[in-house]
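Reader: Please pick one loop residue of this model and look at it closely. Then show me how the surrounding fold is put together, in one continuous account.

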Amino acid sequence: MSPRSRAHLSLLAVCGAFALLSLALLTPPVLLAAHWAQRRPAGTVSSVTGRLRWGWLGRCLAVGLPLVAGSLGVMLLLPDPSGGSEGMVWAGLPDFLLGLAMVCVLVPFQASAEEYVFRGWLTQAVGAWCRSPWVAVVPQALLFACAHGWGTPWGFADLTAFGLIAGLLTIRTGGLEAAIGLHVLNNLLAMGLSAAIAGALASEETAADMGAAAVGIDVVMLCGYATVVLWLARRHRIAAVSPGAETGAEAGADR
């Protein structure tokens, strides 16, 4: 690779980093809006306990890792109808390590920020005007899909399904941990692989451009993740409503 090409790819990587960082910066305004505008503790955006339950988040990450990695591995085996895989070029070790470091540092903040916006603040804001919190799940899922741009109808359906399942998990587990774990793992693994391909991190292609076969695999993974997480939530008695609405034993369940 020529020095000019390498410099161009490095510039694209920097632009990608700024794009991730701009999304990551959405979290503080969401928390401030809850505190100042809605007059409630900012931590209630995270969960019904008023904070992010790190132990529960860790369990969700452990559940999601093999499922997300497995589905991504199966997707890599699918034939590319555009023939794009033939043009893949190894990014080189320095660029790969730089891109991977950028992904590992920024993606957790970027993915969690999207969850705070869509499954956190937006779902709670809409749900506050409705008798049932489930009414808020559909609008946030559609807006989440729209926010990723217009690609294929299958890609839009996949993003909507992700939003619906993440919304379901948020309500049924009383917090954002399950959705954050899934989102972070999905983006980390997908973008980590992209870091190994020259120019892939700078590509404008997103999940909105997925094909039918990949969407089918992804939806199966999402349903499997939701099933296991909900089972674990019942087993570990994860609080799904605020402590004031529970008995003392239920309120002290897990964290």
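**A loop glycine and its setting**

Author: G149 has a relative accessibility of 27%, so it counts as partly exposed; that class lies between buried, under 20% relative accessible area, and exposed, over 50% (1.4 Å probe, protein chains only). The model is a predicted one, in which local features need pLDDT of at least 70 and side-chain atom pairs pLDDT 80 or more, while totals for chains, interfaces and linings use all residues. Residues are numbered from 1 along each chain as its sequence is written, and side-chain values rest on heavy atoms, without hydrogens or water.

G149 sits in the loop that joins α5 (137-147) to α6. Its C-alpha atom is 8.1 Å from that of T206, although G149 and T206 are 57 residues apart along the chain.

The pairing of G149 with T206 is one detail of a chain of 255 residues, 40% of which count as buried. The chain has nine helices and zero strands, and its elements run α-α-α-α-α-α-α-α-α from the N terminus. Helices (H or I, at least four residues) and strands (E, at least two) are DSSP runs, numbered from the N terminus. Of the contacts (heavy atoms within 4.5 Å) between residues at least 6 apart in sequence, 80% join residues at least 24 apart.

Two other loops can be set beside the one that holds G149. W90 belongs to the loop between α3 (54-77) and α4 (93-127). R237 is in the loop between α8 (212-235) and α9 (248-251). The phi angle of R237 is near 55°, a positive value in a residue other than glycine. Most residues other than glycine have a negative phi. R237 counts as partly exposed because its relative accessibility is 46%.

Charged pairs come next. A search of the whole structure finds two salt bridges, a salt bridge being a side-chain nitrogen of Lys or Arg within 4 Å of a carboxyl oxygen of Asp or Glu. One of them pairs R53 with E177, with 2.8 Å between the closest N and O atoms. R53 is in the loop between α2 (27-37) and α3, whereas E177 is in helix α7 (residues 177-194), so this pair ties together parts that are 124 residues apart in sequence. R53 and E177 are both buried.

The pair E115 and R119 also forms a salt bridge, and here the closest N and O atoms are 2.7 Å apart. E115 and R119 are four residues apart in helix α4, which means that about one helical turn separates them. E115 and R119 are buried as well.

Helix α4 returns in the second largest pocket, which holds about 470 Å³ of space. The lining of this pocket consists of 19 residues, and T44, V48, Q124, G174 and A240 are the closest to its centre. Two or more lining residues are given by α4 and by α6 (153-173). The largest share, four residues, comes from α4. A pocket is an open set of 1 Å grid points where a 1.4 Å probe fits, with protein on both sides within 12 Å along at least five of seven lines; lining residues have an atom within 4 Å of a point. The volume is the space filled by probe spheres on the points, which are joined across faces, edges and corners.

To return to the starting point, G149 is in the loop that leads from α5 to α6, and α6 is among the elements that give two or more residues to the pocket lining.
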